[in-house]
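Here are a few exercises to work through with the model open. Try each task before you read its solution.

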Amino acid sequence: MQNELKWNLTEIFENDEALEKSINELYLCLNKIKEYKGKLNSGVDEIFNCYKNLEKALELHERIYAYAMLKYHQDMSNQESIKLYKRIEALTTEFSEAESFISPEVSKISDERLEEYLKDDRMKEYEKTIRDIMKEKKHILSEELEQVLAKYSEVFSSSENAYDIFTNTEFEFSPIIDKDGNKLPMNSAIFSNYLMSKDEDIRKQAFGSMYSLYKKHINTITELYLTRVKTRIISSKIRNYKSSLEAATNHDDSNPKVYETLLKEVNKNLYLNHEYIDLKAKLLGKEKVHMYDVYVNTLDVENKKIEYEDAKQTVLDALNIMGDEYITVLKHAFANNWLDVYTKENKMSGAYSMGVHSVHPFVLLNYINSSRDVSTIAHELGHSMHSYYASNNQNIINANYTIMVAEVASTVNEILLANYLINKETDNKKKAALINEQLDMIRATLIRQAMFAEFEKDVHSKIENGESLTSDILNNIYYKLVKKYFGDSCIIDEEIKYEWARIPHFYRCFYVYKYSTGITSAIVIASKILSGEQEYVKKYINMLSQGGAKDSLSLLRMVDVDLEKEETYEEAFEYFKKNLKELKKLIGN
């Protein structure tokens, strides 16, 4: 059965010959694009034809890159897959070099002429791209500098690649010993499952196994991380941004105000996290909980395994509120190997969804039959459905949406699933357990990811201000943040100061804040869907179908979410507060 639940990558390329044919086509396309170098100022025909070729090149490249990456992630020790992936990374650099002249040349054209060009009906599908260039003129460099940065793009990502390989294939964790003396395997994929164990010794062992290894390699990881941060800071300065934060949020169609408003509102409402942690300590019969106790569901009445087939049906039932079309696509996804389901040796850890325009989304899971895995399926399929709707309604240039919006779609699905399970439960003890689980999810996504975001902001700011950072300084920054975010009801174990070193998303600088803004937006959206507000689902799907044809903040405003306003975050925390109150009522606290 497990062998049947793997990607069918022949849907991208039937064989190696088809892959090579597409690679050759891409090179021809890139050569065609280069012919327009120095000519984009000649008129609308040249700009249109250049972008038409770029569109074709993007289609080819996405399929080629997806095939190589997905094949590699199925087995990261396979030398042929590694070789192919490295080859395609180099091809990606060549792609960047070939098209690097386009934005600089367009940016030299006056806004008045560009406005005239945009009146041409052929340019409608490229209008968002042209307007982005008009907006970003001051951050687009000379042709020569753009080419230099393009040549270095592969080098810029080397620290992230080294970190991934190091932590995914070369880390050997100490095994967990259960109460019967059996050795249990330990790795990053199942670490969170151990932390949710009812056995405190298992939780403590897993915690120790994880962080003792990161402690051992902390200096190496520090150098990899600081290299990544400095690379981003230097690139941001070269592009005339005030800070790396401005550069990152600008790339998301966001802005530093959104980031600052998020952190301000989370810090203002940290008392709710402290209150929740205090309740967890009481339920565990402790005066204070340890960091390894934070993720255990103290109200879980049974620790049953959930078979994949049952998980699929639960997700379909929970998302039925999204309508017949949405559910039909999900059923097709399950039946046609859009998901690579089970964990195995040397497979990429974690989970993600990768949309492939003109094919379909591909979802990576590491399914281990836990309740959290069911939520992960719903989450990743939220990404997939976003990609599906965007790809079916936009060309490849406009279909690519920012992560700012992507995490909304995935988290809406998680909230819909959680509410479905809570509402159908009649046993108050089980209902309380499910509410507790949802609170854990919101806390981990909204509050914990904001803590990560605050860590990133602190680190980048210190380096931008000329400070030299070491592993000890990074550890202390992180440790102090944990103390602030978790409060006096939690024992802040010394090992937790190494947690920052195991967060791969830190290598995508200022990525994690979007999880917090994503769940904030998702709570507002899901609440409206669940309330049965007339035509709201249609409005939401229309937003998903826009892909990246509008900027992220404008897309969210289409569904009544404004991330620059404090009220939006307050609504999310009110939702958390309401559920916490209901939980206390159910358990008689």
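**Exercise 1. Find which residues Phe 486 touches, leaving out those up to four places away in sequence.**

Start with the cut-off: a contact means heavy atoms within 4.5 Å. With that in hand, Phe 486 touches Asn 273, His 274, Ile 277, Met 291, Val 294, Arg 443, Met 451 and Ile 492. Before going on, note that this is a predicted model, where local features need pLDDT of at least 70, side-chain atom pairs count only at pLDDT 80 or more, and totals for chains, interfaces and linings use all residues. Residues are numbered from 1 along each chain as its sequence is written, and side-chain values use heavy atoms, with hydrogens and water left out.

**Exercise 2. Work out how many residues the largest nonpolar core has, and which helix gives the most to it.**

Two terms come first. Buried means under 20% relative accessible area, exposed means over 50%, and partly exposed is in between (1.4 Å probe, protein chains only). A nonpolar core is a set of buried Ala, Val, Leu, Ile, Met, Phe, Trp, Tyr and Cys residues joined through side-chain atoms within 4.5 Å.

Now count: the largest core has 145 residues, and Phe 486 is among those with the most contacts inside it, along with Tyr 225, Phe 455, Tyr 485, Trp 500 and Tyr 540. Helix α21 (residues 428–464) gives the most to this core, with 16 residues. Helices here are DSSP runs (H or I, at least four residues), numbered from the N terminus. Apart from this core lies another, of 55 residues, including Ile 47, Ile 88, Val 106 and Met 354.

**Exercise 3. Describe helix α26: its span, its buried residues and what they pack against.**

First, the span. Helix α26 (residues 566–587) has 22 residues and reaches 32 Å from first C-alpha to last, close to the 32 Å expected at 1.5 Å a residue. The expected span is 1.5 Å times one less than the number of residues.

Next, the buried side: among the buried residues of α26 are Tyr 569, Phe 573, Phe 576, Leu 580 and Leu 583. The buried residues of α26 pack against α14 (256–268), α15 (270–283), α20 (403–424), α21 and α23 (513–530).

Last, look just past the end, where Gly 588 takes a positive phi of about 70°.

**Exercise 4. Sort out where the partners of three salt bridges lie: Glu 574 with Lys 577, Glu 309 with Lys 312, and Glu 414 with Arg 372.**

The criterion is a side-chain nitrogen of Lys or Arg within 4 Å of a carboxyl oxygen of Asp or Glu. A search of the whole structure finds 38 such bridges.

Take Glu 574 and Lys 577: both lie in α26, 3 residues apart, about one turn of the helix. Glu 574 is partly exposed at 42%, and Lys 577 is partly exposed at 32%.

Glu 309 and Lys 312 are also 3 residues apart, both in helix α16 (residues 308–318). Here Glu 309 is partly exposed at 40%, whereas Lys 312 is buried at 14%.

For the last pair, Glu 414 lies in helix α20 and Arg 372 in helix α18 (residues 371–393), so the bridge ties together parts that are 42 residues apart in sequence. Its closest N and O atoms are 3.2 Å apart. Glu 414 is buried at 5%, while Arg 372 is partly exposed at 32%.

Key
Helices (H or I, at least four residues) and strands (E, at least two) are DSSP runs, numbered from the N terminus.
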